[in-house]
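Q: I'd like to learn how to read a structure like this one, feature by feature. Can we go through it together?

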Amino acid sequence: MPVAPSGTSSPPSPANGSSRLSHLRLLEAESIHILREVASEFERPVMLYSIGKDSSVMLRLAQKAFYPAPIPFPLMHIDTGFKFNEMLEFRDRTARSVGAELLVWRNEAAIAAGTNPIKLDTKRCCALLKTGALLDGLRHYNFDAAFGGARRDEEKSRAKERIYSFRDSVGQWDPKNQRPELWNLYNARVHPGESIRVFPLSNWTEMDVWQYIHEEKIPVVDLYFAKERPMYVRGEALLPVEQDFMALPGEKPQLVKCRLRSLGCTPCTGAIRSDAETIPEIIAELLSFRSSERANRVIDHDQEGSMEIKKREGYF
Amino acid sequence: MSATPVSVFSIQEFLAEEREKDLLRFSTAGSVDDGKSTLIGRLLYDTQSVYEDQVKSIQGKGTTAPGQIDFALLTDGLRAEREQGITIDVAYRYFSTSRRKFIIADTPGHEQYTRNMATGASTADAAVVLIDASKGVLIQSRRHAYIASLLRVRSVIVAVNKMDLIGYNEATFQAIELDFRRLLEQIAADTGNPVEASFVPVSALAGDNIVHRSQAMPWYKGHSLLELLESLPSSVNTRQAPFRFPVQRVLRPNHMFRGFAGQIGSGTVRPGDTITVLPSGSTAEVQRIVTFDGDLEEAYAPLSVTLVLDREVDISRGDLIVSAQTPAKVAKSIQASLVWMDQRPLLLNRRYLLKHTSQTVPVVLSALHYRTDVGTLSREPAQTLHMNDIGTVSLTVLRPIALDPYGENRATGAFILIDTDTNSTVAAGMITSAGTDDGVGVGSGLVDGWGRVTAGERDARWGHRGGVLEVTGPLELLDAVERSLFSVGVVSCRIDADDDAFILHPSLLEIITRIQFQSGLLALVVRVDESGAAMARTEGEQVTLDATDSNKATAQVHQLLHSAGIFIPSEKAGL
């Protein structure tokens, strides 16, 4: 990851006559403040690193927050065993170049038992491979604060999420009993066994994230960019070839120019047809989009208010 | 690259425009059914900030006429409120126009109303107050305007909604405006913070004057709601204010580098500036302003940066770096407005934690001066504050903190209170003034409280209540007891009960100890007894002391004072 300052990324100087800060500088300053507060007030913080664009931005903000010191907490990736190979390579390369400690946590028992979203349903699969593994991993290392890259604009139930989201001793979220959060004064007090999920990107939108990646020249996984990829085509849906058990009898993959809009597990993440090969082209495509970013995620739709239910149970 | 250079060119232009956009945060609040969710849904929909799949997921649902979209469903997030049909917690929404980006803090109008409105207003540059044109100014609108003023939200936009229900009647709109302007004047007189108000007649359901100016109300010559939001003064311009920099963390990657990381609360800093560190008062010069993207020649609020100073100064998290010319005040006693936010009511003389800038300090609420009835704006005497009450209090922090009045500086004038048992955030506080009685006086003093000094204030300052402690024993033990009380900060007054004066005037001892007790002092009445027996007594409790071991005996005395309730329990104070 490039560490050298780039022409477009430095905060505005008075020399250019700018009389106000852009929204990205304001969001950046807010996020850095949050990262520093958590690192200073909690005993064992961890950054949940999911390899996607939001995690990439969050990681860059952590570099900025503690520069010239190293990032003072480890990264943890919850590996469901269904991640694209390109994602795993990118993950290892990124952790190395940032110089951060990388922990990978998997629900090995469930993976060994052959858990997948076809055998179970997506809801139960997520509960085991994502939520279960996450709670196990946090418990195993005794983390008392975990950063996540979730944004409030992603989904309706997230709009009411706090920046410091309190979790009880079994990792659950109670939307009716959240601590009020005023100014930038975050309440970091927890009893032993309780923890906080922290969302430094709460106030960022999908557009902000892409613009920041563009301005800061932050590397992201290649799957976000359009190219010809072998896909199973089912109506509107494009399903990646990574998992062969998904194929119907006689179904053959076709080469389609496409990209992923958000990175999830291979069986549950569809691609979209796209010509966007660069970040400006992705942003242009975003402007023309008529559907929200998580619309290609199967998991959000399997039940009315499904994300809220997952969050109550401890999912990010 | 792409084969369509024209679109690539335009996207570059778009990105350049985006880079220039600033950010406005505003809060909304309203009564149940005055159409707030509908208004926000409409604002999002009309600025193309919702996606087709989100619109599709709510079509045919809700309470509107067939074929009409129920915009409220776009924003009512949680299942619980979907079931009840009402919003229950602060929700944040995002949209942007070609001119600026917006963050809405959308607060519910009924349950826990004050708590949520204050939360939304704490970060807002502007507030949109909703009034139902068919009902006039209701309590919730008054409450929202009051809280906006109390939390010093600069601008208020009053959206008079449901104009369609009253036939777009101009006279009704004007009557409401007149009514509300009068109210805003009363509020400003109470809080001391005038707000700038604009009034706009709208129909969220029909889309009148939300984004575009409406044909239905030709008599209205002003801007639409969105136009008003776009033209309000842009957020956060405190660059000319005195420099304030709460230290969040000391960065020491190696022995060559020592930097102080924080977010600038207000003002501007440049290398070469002379700064003062509070509360210690040490002074240094700024050598570098360090960021990941290179050193800066100048930095201002609210940037997050790291300062390197020209000399070794003892600085840790919680300290405030300020401009040496215009330092902040350092004080232990504070007057503040409080918004109470917890189910458990305020308890005077109980210890809470106060989080202010980047530090958390034990604090005692020493006096509750009055509660403000937001409906009538009257100030009422009160014993406590309940959830959603607003009051004015005196607090004493157990160690001095550097601060400014909230009216001058949001960053150094705001605090929250945390319950030490439940860890809940129980109150939001806004400092109105502070005392400088603590021997660390930096800056000019302000009046410390008002009226007669209360027992609570004395207790808070001294860390114990008034009392009478009688101790009998060998002289050496009496000295040890007095010394041990003195060393933990007890304000005591030693009285030798065998003095001739008391023998001549037997009632004198009782009178003197009563006055001391009422003044919050610990009257230490001693009697020398070298016979080998020793005892201590207070408030009817008596213990026999170990006359041979003064360490043990003093511990017994401290235990006695604890169990008698004279010592106020604390985590950090030595008592």
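Q: Let's start with one residue. Which helix of chain B is B:Ile515 found in?

A: First, keep in mind that this is a predicted model. B:Ile515 sits in helix α14 of chain B, which covers residues 506-518.

Q: Is B:Ile515 buried, partly exposed or exposed?

A: The general idea is a pair of cut-offs: under 20% relative accessible area is buried, over 50% is exposed, and partly exposed lies in between. B:Ile515 has 47% relative accessibility, so it counts as partly exposed. While you're there, look across to B:Gly466: the two residues are 49 apart in sequence, and their C-alpha atoms are 9.7 Å apart in space.

Q: Over to chain A. How many helices and strands does chain A have?

A: Chain A has 8 helices and 10 strands. Of its 316 residues, 63% are buried. Take the contacts between residues at least 6 apart in sequence: 74% of them join residues at least 24 apart. As for the outside, the accessible surface of chain A is about 11700 Å², with 52% of that belonging to carbon and sulfur atoms.

Q: How do I read a sheet, and in what order do the 6 strands of the open sheet in chain A come?

A: In general, strands of a sheet pair through backbone hydrogen bonds, and they do so either parallel or antiparallel. Here the order is β3-β2-β1-β4-β6-β5 in chain A, and the pairing is mixed. At the edges you'll find β3 (102-105) and β5 (164-167) of chain A, each paired on one side only. From one strand to the next, the twist averages 30 degrees.

Q: In which sense do β1 and β4 of chain A pair?

A: They pair in the parallel sense, with 3 bridges between β1 (residues 45-48) and β4 (residues 145-147) of chain A. For a concrete example, A:Met47 has A:Phe147 in β4(A) as its bridge partner.

Q: Which strands of chain A does helix α2 touch as it packs on the sheet?

A: Helix α2 (residues 53-66) of chain A touches β1, β2 (75-78) and β4 of chain A, and its direction makes about 145 degrees with that of β1(A). Helix α5 (residues 122-141) of chain A packs on the sheet too, touching β1, β2, β3, β4 and β6 (195-198) of chain A. The direction of α5 makes about 150 degrees with that of β2(A).

Q: Last one: why is α1(A) described as largely enclosed by the rest of the structure?

A: Count its buried residues: 17 of the 19 in α1(A) are buried, so the helix is largely enclosed. Helix α1 of chain A runs over residues 23-41 and reaches 27 Å from its first C-alpha to its last, close to the 27 Å expected at 1.5 Å a residue.

Note on methods: Residues are numbered from 1 along each chain as its sequence is written. Chains are lettered from A and ligands numbered from 1 in the order in which they are written. This is a predicted model: local features need pLDDT of at least 70, side-chain atom pairs count only at pLDDT 80 or more; totals for chains, interfaces and linings use all residues. Side-chain values use heavy atoms; hydrogens and water are left out. Helices (H or I, at least four residues) and strands (E, at least two) are DSSP runs, numbered from the N terminus. Buried means under 20% relative accessible area, exposed over 50%, partly exposed in between (1.4 Å probe, protein chains only). Contact means heavy atoms within 4.5 Å. Accessible areas come from the Shrake-Rupley method with a 1.4 Å probe; for residues, only the protein chains shown count as cover. Two strands pair if DSSP finds at least two bridges between them. Axes are lines fitted to C-alpha atoms, for helices over the stretch in contact, and angles run from 0 to 180 degrees between N-to-C directions. The expected span of a helix is 1.5 Å times one less than its number of residues.
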